[in-house]
Amino acid sequence: MDQPTVGILHPGRMGAAVAACAATNAAAVLWCEAGRSPASVERAAQFGLTSVATLAELLDRSDIVISLCPPAAAEDLARDVAGHPFDGVYVEANAINPERAQRIAALLEPDADVVDGGVVGSPPVGGKTPTLYLSGAASATERIEALFAGTAVQTAALGTQVGKASALKLAYASFQKTSRVLVALAVGMAREHGVDQELIEVASRRTDSYLAEPQYVTKTAERAWRWGPELEEAADALAAAGLPPEMLRAAASTLARWDDVKDASELTLTDALDRLAQP
């Protein structure tokens, strides 16, 4: 099969790095610069992506489109795509709940083949090797597996049902991200009483305890603007399954206290905990 042309919507930290991996087996990787921030322009240039003027041009030239954007924008972006002719493979790789993934599939099919995707892990740079889980028609998921063959993005197919990949992503995120929020709260309470170092010593006696890694609290704060919406999606998935969503909604509410430090690079643990303590 000829190398496909790939379109990425839109190149954030994860999207740009994933797109760069796709370039290994693609004829070109396109992105639409219209309306994007200077940071996006710089990121796209860094990863060698090819700019096009409009979404219509991107869709017209692309065989495969990968959607990686903030969860809240996923359906609006899919509706924008649905407003243009596109009969390739659309990879819905956002951290959204299975019901939303199925709505997006219904919106774009039968013209496009929709693959439900979920990225578990850090962006594929500096030796990181995330896994892109896939669910959807076998013919479509096989094309995505071939696209990332031999790259830092590993792939794993979960079957033909759209929603499975999203469910796995959110199930993992609900544990991993909520655990990090609990670390911040525990360290904050211990610090208030002057026993934060003792808390860390207790935690370090246990194997693989997140509580023994308080330095990660700053990274949690920096990523809160992305993690909070993911946990809201996971809470919706819990509610749809008849499970209590309140814990994840509380974690998302806690993360919202850090919304103003989006991707900050010089935040200290003290700064992060002080911001968390503010109403």
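Trainee: How far is the sulfur of cysteine 32 from the closest cysteine sulfur?

Mentor: In this predicted model, the closest cysteine sulfur to that of cysteine 32 belongs to cysteine 69, and the gap is 14 Å, too far for a bond.

Trainee: What's the cut-off for a disulfide, then?

Mentor: The two sulfur atoms have to be within 2.5 Å. By that rule the count of disulfides comes to zero. Looking from the other side, cysteine 69 is in no disulfide, with the sulfur of cysteine 32 as its nearest at 14 Å.

Trainee: Are those two buried or exposed? Start with cysteine 32.

Mentor: Cysteine 32 counts as buried because its relative accessibility is 6%. Cysteine 69 has 15%, so it counts as buried too.

Trainee: Okay, changing topic. How many salt bridges does the structure hold?

Mentor: There are 13 salt bridges in the structure.

Trainee: Give me one to click on. What does arginine 61 pair with?

Mentor: Arginine 61 forms a salt bridge with glutamate 57, and their closest N and O atoms are 3.2 Å apart.

Trainee: Why are they separated by about one helical turn?

Mentor: Both are in helix α3, which covers residues 55–61, and they are four residues apart there, so about one helical turn separates them.

Trainee: And how accessible is that pair, arginine 61 to begin with?

Mentor: Arginine 61 is partly exposed, at 41% relative accessibility. Glutamate 57 is partly exposed as well, with a relative accessible area of 29%.

Trainee: Now helix α5. Which residue there is four residues from glutamate 99?

Mentor: That's arginine 103: within helix α5 (residues 98–108), it and glutamate 99 are four residues apart, which means a separation of about one helical turn. The two form a salt bridge, with 3.4 Å between the closest N and O atoms. Glutamate 99 is partly exposed at 47% relative accessibility, and arginine 103 is partly exposed at 39%.

Trainee: What about arginine 100? Where is its salt-bridge partner?

Mentor: Its partner is glutamate 233, and the closest N and O atoms are 2.4 Å apart. This pair links distant parts of the chain, since arginine 100 is in helix α5 and glutamate 233 is in helix α10 (residues 224–240), 133 residues away.

Trainee: Is arginine 100 buried or exposed?

Mentor: Arginine 100 is buried, with a relative accessible area of 9%. Glutamate 233 is buried too, at 8%.

Trainee: Which residues do the shared salt-bridge partners join into one network?

Mentor: Glu75, Glu99, Arg100, Arg103 and Glu233 are joined into one network by salt bridges that share partners.

Trainee: Let's go to the surface. Which residues gather in the patch of negative charge?

Mentor: The patch on the surface brings together Asp2, Asp63, Asp87, Glu109, Asp111 and Asp113.

Trainee: Where does aspartate 2 sit in the chain?

Mentor: Aspartate 2 is in the segment before β1, the strand at 5–9. Its relative accessibility is 69%, so it counts as exposed.

Trainee: You listed Glu109. What kind of peptide bond runs from glutamate 109 to proline 110?

Mentor: A cis one, with omega near 5 degrees. Proline 110 lies in the loop between α5 and β6 (113–120).

Trainee: And what joins leucine 9 and histidine 10?

Mentor: A cis peptide bond, with omega about -5 degrees. Histidine 10 is in the loop between β1 and α1 (13–22).

Trainee: Back to helix α10 for a moment. Is leucine 231 buried or exposed?

Mentor: Leucine 231, which is in helix α10, counts as buried because its relative accessibility is 0%. If you want a distance to check, its C-alpha is 30 Å from that of arginine 143, and the two are 88 residues apart in sequence.

Trainee: Last one: where is threonine 155?

Mentor: Threonine 155 is in strand β8, residues 154–157. With a relative accessible area of 26%, it is partly exposed. Its C-alpha and that of alanine 56 are separated by 28 Å, with their positions 99 residues apart along the chain.

Methods: Residues numbered from 1 in each chain as written. Predicted model: local features only at pLDDT ≥ 70, side-chain atom pairs only at ≥ 80, totals over all residues. Heavy atoms only, no water. Patch = residues over 30% accessible without salt bridge, like charges linked within 9 Å, V, L, I, M, F, W, Y side chains within 5 Å. Areas by Shrake-Rupley, 256 points an atom, 1.4 Å probe, with all protein chains shown as cover. Salt bridge = Lys/Arg side-chain N within 4 Å of Asp/Glu carboxyl O. Lys, Arg positive; Asp, Glu negative; His and termini not counted. Charge placed at Lys NZ, Arg CZ, Asp CG, Glu CD. Helix = DSSP H or I, 4+ residues; strand = E, 2+ residues; numbered from the N terminus. Buried < 20%, exposed > 50% of the residue type's maximum accessible area, 1.4 Å probe, protein only.
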